[in-house]
Amino acid sequence: MNDLYANEFSLLNRFFCPTMKLCEKKRVGAKIIEKHAQPQTLAQRLLAHQAINSQQKDKLKNIYNKLNPFTLHNIIQKKFKLIFKRLRHPQL
């Protein structure tokens, strides 16, 4: 399970699952108003950040170009099936 989260699952989340980042939060009376930025993946945020140098950006772009979300999803599903199989039959 650690292998799954350290490899395929983290790659899928970092490069293909956009999230909305909270930009502003205000209280107006009893109501809280939140403003969010446009949804972006973690990789997109890193590429847009000024503290990241061009070598690191190139490395991220190369990783992204080599990835296929459907292949990652299939690998994740196979690993989950193996994990659940071992949970049902611990002697295997």
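**A tour starting from helix 4**

Begin by selecting helix 4 in this predicted model and colouring Phe 70, Lys 78, Lys 81 and Arg 88, which are exposed on the other side of the helix from the residues to be selected next. Those are Leu 72, Ile 76 and Ile 83, the buried residues of helix 4. If you look down the axis of the helix, the directions to these buried residues fall within an arc of 35 degrees, so they line one face of helix 4.

With the whole helix still selected, from residue 69 to residue 88, you have 20 residues that reach 28 Å from the first C-alpha to the last, close to the 28 Å expected at 1.5 Å a residue. At the start of helix 4, show the side chain of Asn 68, where a side-chain oxygen comes to within 3.0 Å of the backbone nitrogen of Phe 70.

Next, add helix 1 to the view, since the buried residues of helix 4 pack against helix 1. Within helix 1, which covers residues 2-16, select Glu 8. Is Glu 8 buried or exposed? Its relative accessible area is 13%, and because the cut-off for buried is under 20%, Glu 8 counts as buried. Once neighbours within four places in sequence are set aside, the contacts of Glu 8 are with Asp 3, Leu 72, Ile 75, Ile 76 and Lys 79; of these, Leu 72 and Ile 76 will be familiar as buried residues of helix 4.

Move now to helix 3, residues 54-66, whose 13 residues reach 18 Å from first C-alpha to last, close to the 18 Å expected at 1.5 Å a residue. The N-terminal end of helix 3 is capped by Asn 53, with a side-chain oxygen 3.2 Å from the backbone nitrogen of Gln 55.

For the strands, select residues 22-28 as strand 1 and residues 31-36 as strand 2, which pair in the antiparallel sense over six bridges. One place to zoom in is Lys 25, whose bridge partner in strand 2 is Glu 34. Two residues lie between the strands of this hairpin, and Gly 29 takes a positive phi near 65 degrees there.

Finish with the cysteines: how many disulfides does the structure hold? There are zero. For Cys 17, the nearest cysteine sulfur is that of Cys 23, 20 Å away, and Cys 17 is in no disulfide; Cys 23 is likewise in no disulfide. As for their surroundings, Cys 17 counts as partly exposed at 30% relative accessibility, whereas Cys 23 is exposed, with a relative accessible area of 57%.

Technical notes: Residues numbered from 1 in each chain as written. Predicted model: local features only at pLDDT ≥ 70, side-chain atom pairs only at ≥ 80, totals over all residues. Heavy atoms only, no water. Disulfide = S-S within 2.5 Å. Buried < 20%, exposed > 50% of the residue type's maximum accessible area, 1.4 Å probe, protein only. Pairing = 2+ DSSP bridges. Helix = DSSP H or I, 4+ residues; strand = E, 2+ residues; numbered from the N terminus. Expected span 1.5 Å × (residues − 1). Polar contact = N/O pair within 3.5 Å; in protein donor to acceptor, adjacent residues only side chain to side chain. Contact = heavy atoms within 4.5 Å. Arc of directions from axis to C-beta.
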